[in-house]
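Biologist: I have just started learning to read protein models, and I would like a close look at one part of this one. Could you take me through it slowly, with its surroundings?

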Amino acid sequence: MFQGFSEKTNEFLWGIRFNNEKPWFEAHKQEYIDHVQTPLRELANEVYERFTAAHPDLPIMVKVSRIYRDARRLYGRGPYKSHLWFTLRMAGEDWAQMPAFWFGIHPSGYNHGMGVFDAKPAYMARFRREIDQNPESMMKLANAFARQERFVLDEDEYKRPKGNPPAPLDQWYNRKGIDLGCFRKIDDLLYSRELVDDILAGYETLMPYYHYFAALGRRSD
């Protein structure tokens, strides 16, 4: 059962960021297991179990990131990650083109939210067509999003706008992807068991958006 992260969690993540090499990691591996890997897995499993109990019809699975970077994609960086996460996502090879819930922790903060990890240009073009043809559904969601204060739209916009829909649809229309995130600095909640309830409450807020973008992803036009 998840009991919270600790200051040692952040100490390790800062350490691996500035000492990203195998000797340092091997010397501090037990700290990683005790204060990062174990609580992250406990959090992921508890959030997953409670979320799927509340939404038994959703075909999702839980995945926890590994600390090891893909050796094929180091690009001059060290072999370890200082930002770790878990996702609640659909199974299958195309999962990254469908919406997923996530939680992440890094040395100076943590975040959670929902997004489409690999929203292709064709997916976003389909989204714009849906707004053009049926603006009412997205208008309702956009208005509700504008009223809440937890999440922000965290994706880049095209330098050349694709269109000029009315507010608040204009905040969504010209995005390169879909990422709705809540970003926080280190606080007492991170070190508390109450983090589970907070994440689940955030996911419930995002459920209407999840269903909208999942339906969009299932379309083939």
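What follows is a walk along one helix and its partners, and then a visit to a few other places.

Biologist: Please look closely at helix α7. How many residues does α7 have, where is its kink, and which residues make the contact with α4 and with α5?

Modeller: Happy to! Keep in mind that this is a predicted model. Let us begin with the helix itself. α7 runs over residues 195-218 and has 24 residues. From its first C-alpha to its last, α7 reaches 32 Å, which is close to the 34 Å expected at 1.5 Å a residue. Along the way there is a kink of about 50° at Leu 206, and the proline Pro 208 comes shortly after that kink.

Now pick out one residue in this helix. Ala 214 sits in α7. Is Ala 214 buried or exposed? Its relative accessible area is 3%, and buried means under 20%, so Ala 214 is buried. Setting aside neighbours within four places in sequence, Ala 214 is in contact with Met 90, Met 98 and Pro 99. Met 90 is worth finding on your screen: Ala 214 and Met 90 are 124 residues apart along the chain, yet their C-alpha atoms are separated by 10.0 Å.

Next, the helices that pack on α7. Two packed helices are described by the angle between their axes and the distance between the axes. Take α4, residues 121-133, as one of the partners. The axes of α4 and α7 are 10 Å apart, and the packing angle is about 115°. The two helices are therefore roughly perpendicular to each other, and α4 passes α7 in a right-handed crossing. On the α4 side, Tyr 123, Arg 126, Phe 127, Glu 130 and Ile 131 make the contact, while α7 supplies Tyr 212, Phe 213, Leu 216 and Gly 217.

While you are at α4, have a look at Arg 129, which is also found in that helix. With a relative accessible area of 35%, Arg 129 is partly exposed. Arg 129 is 14 residues from Gly 115 in sequence, and their C-alpha atoms are 19 Å apart in space.

Another partner is α5, residues 135-147. Here the axes of α5 and α7 come within 11 Å and cross at roughly 150°. Angles over 145 degrees count as roughly antiparallel, and α5 and α7 are therefore roughly antiparallel to each other. This crossing is left-handed. The residues that meet are Ser 137, Met 138, Leu 141, Ala 144 and Phe 145 of α5, together with Pro 208, Tyr 209 and Tyr 212 of α7. You have already seen Pro 208 as the proline shortly after the kink, and Tyr 212 in the contact with α4.

α7 also leads us to α3, residues 29-54. Buried residues of α3 include Tyr 32, Val 36, Leu 40 and Phe 51, and α7 is among the elements that cover the buried residues there, along with α1, α2 and the strands β1, β2 and β3. α3 has 26 residues and reaches 36 Å, close to the expected 38 Å. This helix bends too, by about 30° at Gln 37, with Pro 39 following within four residues.

One of those covering elements, α1, comes within 8 Å of α3, axis to axis, and crosses α3 at roughly 125°. α1 and α3 are therefore oblique to each other, and the crossing is left-handed. Lys 8, Thr 9, Phe 12 and Leu 13 of α1 meet Glu 31, Tyr 32, His 35 and Val 36 of α3. Asn 10 also has its place in α1; Asn 10 is buried, at 6% relative accessible area, and its contacts include His 106, Pro 107 and Tyr 191.

Let us finish in two loops. Ile 67 lies in the loop between β1 and β2 and counts as buried at 0% relative accessibility. Among the residues that Ile 67 touches are Phe 12 and Tyr 32, which you met in the contact between α1 and α3. The other loop, between β5 and α6, holds Pro 168, and the peptide bond from Ala 167 to Pro 168 is cis, with omega near 0°.

Note on methods. Residues are numbered from 1 along each chain as its sequence is written. This is a predicted model: local features need pLDDT of at least 70, side-chain atom pairs count only at pLDDT 80 or more; totals for chains, interfaces and linings use all residues. Side-chain values use heavy atoms; hydrogens and water are left out. The expected span of a helix is 1.5 Å times one less than its number of residues. The bend at a residue is the angle between axes fitted to the seven residues ending there and the seven starting there. Buried means under 20% relative accessible area, exposed over 50%, partly exposed in between (1.4 Å probe, protein chains only). Contact means heavy atoms within 4.5 Å. Axes are lines fitted to C-alpha atoms, for helices over the stretch in contact, and angles run from 0 to 180 degrees between N-to-C directions. Angles under 35 degrees count as roughly parallel, over 145 as roughly antiparallel, 65 to 115 as roughly perpendicular and the rest as oblique. A crossing is left-handed if the near helix is turned anticlockwise from the far one by less than a right angle, and right-handed if clockwise.
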